[in-house]
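Me: I would like to go through this structure with you. Could we settle the terms as we go?
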Amino acid sequence: MTGSPHTIKAGSTILIIEDDIAFAELTSATVQEHGFKAIVAASGREAMELLAATIPSLIILDYSLPDMTGIAILEQISGRGLSVPFIMVTGRDDALLAVQMMKTGACDYLLKDTSFLDRLPAAVLRTLYDAETRERLRRAEESLRQSETRLARAQKIARMGSWEWNPLTGETYWSDELYRILGFTPGDPAHVEMDWFIDLINEADQAAFKKVINSAARQCQPFSLIYRIKSQNGDELVVNSQAEVERDGEGRAQLVSGTTLDITARIRAENEIQQLINYDTLTSLPNRTLLHDRLRHAIAQAVRDRQMVGVLFLDLDRFKGINETLGHRAGDKLLKTIAKRLKACVRETDTLARIGGDEFAIVLMGVSSEEVVTAVTKKILGLISEPIFIDGHEIYTTGSIGIALYPMDGEDGATLLKHADQAMYQAKERDGNNFQFFSSEMNIKVLERMMLENSLRKALERGDLFLLYQPQVNTRTGTIIGLEALIRWNHPDLGVILPDKFIYLAEETGLIIPIGEWVLRTACFQAKSWQQQGFAPMRMAVNLSAKQFAQKNLDDIVAAILLESGLDPNWLELEITESTIMKNPDSNTRMLHRLKDMGISLAIDDFGTGYSSLSYLKHFPINRLKIDRMFVRDIAINPDDAAIVEIIISMAHTLKLSVTAEGVETRPLMEFLSSRNCAEMQGYLFSRPVRAEEITKILENGLKY
């Protein structure tokens with residue numbers, strides 16, 4: 001990530017609009033203590049006079065002023081064409097007022113209580129960082145638009161420079177734009193040679209470039225290559241060069257012509273997305289998402305080396321009391337100190353992650369015995385229990401650690417983490433500051449799992465499975481444009497079971513193949529049935545599991561079901577997760593193209609939670625990105641989630657893809673997404689997943705939300 005709340009430039013000016021002189025002085029002193037300049041206005045009129053002379057980086061605004069309300073001030077600021085981030089401050093503990101302020105564009109909402117001054121610096125840093133990020137993205141987007149306009153007039157190629165090379169004579173031509181991309185004045189140097197150009201390329205990438213350019217000259221092979229190159233001003237750029245080869249009458253390469261595109265900003269955006277998705281913003285440690293990936297790799301390595309993997313789940317004892325007593329700022333400092341101490345206890349090959357609140361997880365690679373894990377755990381508990389000095393206070397804390405070992409306590413990451421978590425709670429019940437290994441007695445549910453698996457094998461033939469459908473809505477028109485088919489299991493003894501409780505079993509046992517075909521067939525027949533009842537055609541979205549997508553004859557299976565049901569392929573949309581596609585991107589791309597050629601729409605489900613590369617994404621024949629609900633649900637209160645969602649929407653539109661937001665449960669979420677040019681949504685605000693009969697009633701009477 002190129003910036004963080006800790007790299008905001010000192011000296012930024014903050015305008016404090018507050019009629020309570022004493023409170024204004026305390027607020028001013030607090031922000032100045034953190035390196036910011038502060039100017040104070042006691043009324044709306046005085047604030048507008050100050051704004052005529054200087055534009056601050058941030059406004060801290062009291063909602064109630066003697067001469068006007070905070071909203072009235074904001075309207076005057078907006079009327080002057082100013083766009084300044086602001087934090088609203090009020091003495092009223094009113095949730096409705098908080099929602100109203102966030103709707104007006106407030107970056108944060110702070111209550112004048114005893115912890116106000118403790119919370120203020122973090123809110124200021126977070127708001128300035130969010131504003132800096134938005135401005136950086138705005139400048140990048142503006143630069144891109146200007147470049148595309150120039151290049152459209154010159155060569156009709158967006159941000160591309162063109163070039164030609166005659167391998168027989170060595171003559172080389174560069175367009176003016178290619179000179180500019182690399183920081184040179186067009187035409188200087190006048191004569192460009194291939195060897196001179198190769199010297200500009202990063203040494204690590206030179207061999208790859210020489211290989212493709214020589215293959216073009218000798219074997220007439222076209223190429224596409226991403227590599228790094230140093231510009232004239234010393235900056236390193238990431239570029240994508242693509243070339244075609246023209247042959248002479250004897251079949252020899254007589255001209256290699258191509259384009260070079262500067263993709264530095266795109267790669268940087270990709271890295272920023274991955275940073276937000278995979279790392280904790282407070283400690284910079286891997287988060288839960290990246291932890292699962294690292295744990296999967298650790299298990300694969302242990303299988304090859306015939307060793308164990310240790311999974312430690314750590315929870316700090318009495319952390320909540322420290323937070324409540326000393327404030328969240330002290331709590332954050334404590335967490336960062338604990339993170340540093342934990343790093344000192346593990347090797348570079350191990351993984352240390354913060355998975356939420358005061359919980360950490362450690363994955364120990366290449367474990368040979370329980371004694372090794374015990375030694376590391378004792379070292380961790382010893383370091384944690386040493387005193388920590390924060391803001392003049394000497395703090396003592398301890399930790400409770402639960403341990404699970406692969407393969408004895410589980411064969412996959414999710415099971416190991418669950419068992420380590422259970423063991424941690426057992427350690428905490430013994431007054432903390434100790435550790436416990438997971439024991440088989442703790443996992444009575446193993447027997448229940450076996451029983452569930454046996455029932456699942458009979459569920460299809462007994463007709464215990466059924467589908468619910470959830471509408472996908474165009475919020476601009478208020479109409480249903482699609483439906484997602486969602487499976488449920490009506491267990492004879494346990495009642496209705498959600499898919500997260502049994503799909504993993506279906507995957508492990510191979511039952512997902514017949515179950516998946518049943519879902520696809522049932523959904524297609526239902527979609528056709530609604531059309532035959534006279535309702536307007538709508539797309540039917542069906543999820544494909546990893547094992548389904550891995551079938552070599554998947555396209556034949558889908559084609560047969562479409563033929564059997566009579567559903568036009570244009571009304572079927574198949575949803576695949578990022579991680580499923582990226583397991584084998586080349587062969588999966590070919591399958592996607594075969595499905596796309598049939599007329600089927602393709603969507604990437606839960607986008608943002610996997611590890612797809614944007615350089616691959618542009619090659620996939622995808623129609624739609626679905627933003628995962630984990631990002632959508634907190635966009636109004638979590639700047640990181642909001643930033644991810646905005647980047648995904650912008651990227652989708654840039655790639656000419658449709659975008660659908662999942663998990664939209666409230667009107668503020670809908671309004672936020674609509675304002676970011678995301679019109680298609682799905683969630684409880686519009687309808688819960690319901691049976692086909694209920695959908696029929698909705699189609700007859702219209703959707704109400």
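Reply: Certainly; to begin, contact means heavy atoms within 4.5 Å. Helices (H or I, at least four residues) and strands (E, at least two) are DSSP runs, numbered from the N terminus. Axes are lines fitted to C-alpha atoms, for helices over the stretch in contact, and angles run from 0 to 180 degrees between N-to-C directions.

Me: Which strands does helix H3 lie across?
Reply: Helix H3 (residues 70-79) lies across S1, S3 and strand S4 (86-90), at about 150 degrees to S3. This is a predicted model, in which local features need pLDDT of at least 70, side-chain atom pairs count only at pLDDT 80 or more, and totals for chains, interfaces and linings use all residues. Residues are numbered from 1 along each chain as its sequence is written, and side-chain values use heavy atoms, with hydrogens and water left out.

Me: And what is the order of the five strands in the open sheet?
Reply: The order is S2-S1-S3-S4-S5, with parallel pairing; two strands pair if DSSP finds at least two bridges between them. Strand S2 (37-41) and strand S5 (108-111) are the edge strands, each pairing on one side only.

Me: What stands opposite Ile16?
Reply: Ile60 in S3 does. Strands S1 (residues 13-17) and S3 (residues 58-62) pair over four bridges.

Me: Different topic: is Leu237 buried or exposed?
Reply: Leu237 is buried, because its relative accessibility is 11% (buried is under 20% relative accessible area, exposed over 50%, partly exposed in between; 1.4 Å probe, protein chains only). Leu237 belongs to strand S9 (residues 236-247).
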